[in-house]
Amino acid sequence: MTRFGYTLLTEQNGPKDLVRHAISAERRGFDFEVCSDHFSPWLSSQGHAPNAWTVLGAVAHATERVDLYSYVTCPTMRYHPAVVAQQAATVQILADGRFTLGLGSGENLNEHVVGRGWPALKQRQDMLAEAIEIIRTLFGGELVDWRGDYYQVDSARLWDLPDDPIGIAVAMTGERGVGNFATLADHLIAVQPSGDLVRDWHSARQAVGMAGGGRVVGQVPVCWDPDRDAAVERAHEQFRWFAGGWHVNANLPTTAGFAAATQFVRPEDVAESIPCGPDLDAIVDAVRAYWEAGFTDVALVQIGGEAQDPFFKEAAEPLLEALRAADKQGDGDD
């Protein structure tokens, strides 16, 4: 059975609201929660960007059941990998074993702020691979000295380690990503419902004798609202950046850049790719593509900071019921 999650989108809410929403999502029956890790929103209309690790620590303490993911943290520029290892270990202790470290090669929007430029994709992926090795080594609890191509670690040890191992999930978008990270990661994160990507992931792991395929985690933006026109307007105002695709989105440096790049995206264009309005069946159909592609976990992004409370009150429980019924029916058809 597919697990359905809720996205704590730091770009559209402040820290106190995010913790409150995390509690609501757990109470409404979501299986897990993912937290974005950004220094900046995509568009200025979103209006927020609190520190994800502070939020995750608070959420870990405030919830009891849901699994938690960073979704995703870039451990290569804005954070040194040794710092990410310490953050992840601390959150895992607070979460009593419910945390998975989600990693990716990052976006210019968030990483350029530390003044180290923005490397080409191959270098970013090489940096990520080395960062994962450092993080895993530190998770072992021993004193670590490291001299690599990109990082140096001097006499570092994690003094507070969780009893439960910390799984690592890595965001991948294509053949190169799978080739680089399938054997370094425990779980796959992907931005599109690509059955080919999922099959390549499993094949790469089986080829080296790795037991189990891990979890495959995706994310779907939705804009539920009892008024479809209001939903379309809100989705266009806050999520039209999504239309650029990941190869574009990874490289633009500022909210002004995203605003300029999407100035000709129309509300109807956004509504074609994001289910908007009160129709739960439309949301189920959007999510269905993920479980049919082999995803085990799908997180929903409810667009609009002010739209979270109505979503929890009116839509979350019937939507989860509809998703689980459709997923179960699909399993029966197989």
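How many strands close into a barrel, and in what order? In this predicted model, 8 strands do so, following the order β1-β2-β3-β4-β7-β8-β9-β10, with parallel pairing. From one strand to the next, the twist averages 30 degrees.

A good place to begin looking at the barrel is the pair formed by β3 and β4. Strand β3 covers residues 67–70 and strand β4 covers residues 99–103; the two pair in the parallel sense over 2 bridges. Within this pairing, Y69 stands opposite T100 in β4.

The helices can be introduced through two examples. Helix α1, made up of 14 residues (15–28), reaches 20 Å from its first C-alpha to its last, which is close to the 20 Å expected at 1.5 Å a residue. Several residues of α1 are buried, namely L18, V19, H21, A22, S24, A25 and E26. Just after this helix comes G29, which takes a positive phi of about 110 degrees.

Helix α12, spanning residues 280–292, lies across three strands: β1 (3–8), β9 (216–222) and β10 (297–302). Relative to β9, helix α12 runs at about 160 degrees.

A record helps to place these elements along the chain. An unreviewed UniProt entry lists residues 3–296 as "domain: Luciferase-like". Over that range the chain is 43% helix and 15% strand, and the C-alpha atoms at the two ends of the range are 6 Å apart.

Definitions and conventions:
Residues numbered from 1 in each chain as written. Predicted model: local features only at pLDDT ≥ 70, side-chain atom pairs only at ≥ 80, totals over all residues. Heavy atoms only, no water. UniProt positions renumbered as here; feature names shortened; annotations may be inferred. Helix = DSSP H or I, 4+ residues; strand = E, 2+ residues; numbered from the N terminus. Pairing = 2+ DSSP bridges. Axes fitted to C-alpha atoms, helices over the stretch in contact; angles between N-to-C directions. Contact = heavy atoms within 4.5 Å. Expected span 1.5 Å × (residues − 1). Buried < 20%, exposed > 50% of the residue type's maximum accessible area, 1.4 Å probe, protein only.
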